[in-house]
Amino acid sequence: MGRMEWFADWFAAPEYGPSRVLVQRLLAVVYLTGFVAAAAQFRALIGAEGMLPVPAFTARVPFRRAPSLFHLHYSDRFFAAVAGTGALLSAGLVAGLGDAVPLWASMLLWAVLWLLYLSIVNVGQTWYSFGWESLLLEAGFLAVFLGNQDVAPPLPVLWMLRWLAFRVEFGAGLIKLRGDSCWRDLTCLRYHHETQPMPGPLSWFFHHLPGPLHRAEVAANHVTQLLVPVGLLLPQPVAGYAAVIVVVTQLWLVASGNFAWLNWLTITLALAAVDPARFGLSFRTRSYGGTPGWFEGLVIALTVAVAVLSYWPVRNMVSREQVMNRSFNRLHLVNTYGAFGSVNRIRLEVVVEGTDEATVTGRTVWREYGFKGKPGDVRRLPRQYAPYHLRLDWLMWFAAISPAYARPWFLPFVARLLTNDPATLRLLRHNPFPDAPPTHVRATLHRYRFTDWHELRSTGAWWHRTALHEYLAPVSLDTLTRSGHRPPLGRRSRSVPLDGLRRRSGHPPGPAPHHPPGPPE
């Protein structure tokens, strides 16, 4: 009997009840954001008539390499039903549905959410090849075993959430320390706020902070990503204080840019290490019933599985050839993470324009397409979109760095502009051809930089841009559909300051996409 009581005391952690509720609600909000974004964007990106259609992907990539419900059936209506179901379930869990049903039903709800989102990610190809997709799936899988109000929070699962938060932060710290020299000489943030994938409304102001404060930012980043995460794995109260530091630093990142739900999900994971009583927060203690044996068995099995699967991310973290944002299995469980191992010194942007003139000449008037999140109009203050993920805008950032990232989808994107495809135009902020599609579309590469205080006051412009060279020559719909003809992307010019870009280990700067299951596109 004494051993059983010891096991119960070790397994159950009733004092973490409020933390579990907060973690589950925030995770459900992130799930809701992901499903809403999927429903709003999929037709143009991966729909049956999209740029990278799911049916074409499932025809060449077998189920065992990319497990997904869409291997069994795909139609745009079915995808919308999957995303809509995920959004409804997520909203229900935000509202407390998981605590209103029996334990087994609550676990089933979380498992269905995970399965639905896994099905989307595994056929999402380039559009879903970001580390925070795997992070959501890994956290979502652990949430299946967090339980509900019928049982006390299981301590092993709380520790696994801490372990995940540790890997997110520590992996990001290591990739920076081993990567770009500007992390070691404390100068990276002289560039980062300007060159990050999608600046936010405060990024201009962060960029213009004094140089010594930028250096202090980098030094603080090393502390919070290399030392503080270790505290998450220590006993209380150290773990709780470390979690608070993680939350504060992640909120700083939220204020300085748009990184989809990466920061909010990291905050959610860190909260699993917070014991409210340690901070003087008193909540009415709930009286939990006994923990069912079958639930204990599942949690123990999960713990063993996570311990075994941790071998690969740990081996990656200690390796000199560390990679970031990598899934080691088709289910995206126990992954490795990291971001901004290198930082761009200059910002490049692909500007897409069209014309309705029948013939392109040197006097042709071109009109620019406006994107929702990425820089375009120099007078437009960057907007705050995170935690919502603008997938096209993010991939346009990668396209400017390396045309290879755009090769599978950029010409299909242009073809849809040439037909005024409604689904594609809904991804944009401004269509300069509302009445009839353009006759030709072209793309040019520009260098963008933030203006200074004097320029902002005198011109009202947040950005200054300089045209560098042609990225895609003017093309018509007939050109793109002509058999065997594919216009080249990213023609280089000697005027392009390519030495302003830094690359490490084959990754472009920033939070490089991971490699999803299936062959590279």
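User: At what angle to β1 does helix α16 run as it lies across the strands?

Analyst: This is a predicted model, in which local features need pLDDT of at least 70, side-chain atom pairs count only at pLDDT 80 or more, and totals for chains, interfaces and linings use all residues. Residues are numbered from 1 along each chain as its sequence is written, and side-chain values use heavy atoms, with hydrogens and water left out. Helices (H or I, at least four residues) and strands (E, at least two) are DSSP runs numbered from the N terminus, while axes are lines fitted to C-alpha atoms, for helices over the stretch in contact, with angles from 0 to 180 degrees between N-to-C directions. Helix α16 (residues 391-401) lies across β1 (347-355), β5 and β6, and its angle to β1 is about 105 degrees.

User: Which helix packs on the sheet with a direction at about 85 degrees to that of β6?

Analyst: Contact means heavy atoms within 4.5 Å. The helix touching β1, β5 and β6, and making that angle with β6, is α18 (residues 410-417).

User: Which strands stand at the edges of the open sheet?

Analyst: Two strands pair if DSSP finds at least two bridges between them, and the four strands here follow the order β2-β1-β5-β6 with antiparallel pairing. Each edge strand has a single partner, so one side of each is left without a neighbour in the sheet; these strands are β2 (367-368) and β6 (463-475).

User: Which residue of β6 is the bridge partner of H446?

Analyst: Strand β5 (residues 440-450) runs antiparallel to β6 and is joined to it by nine bridges. In β6, the bridge partner of H446 is A467.
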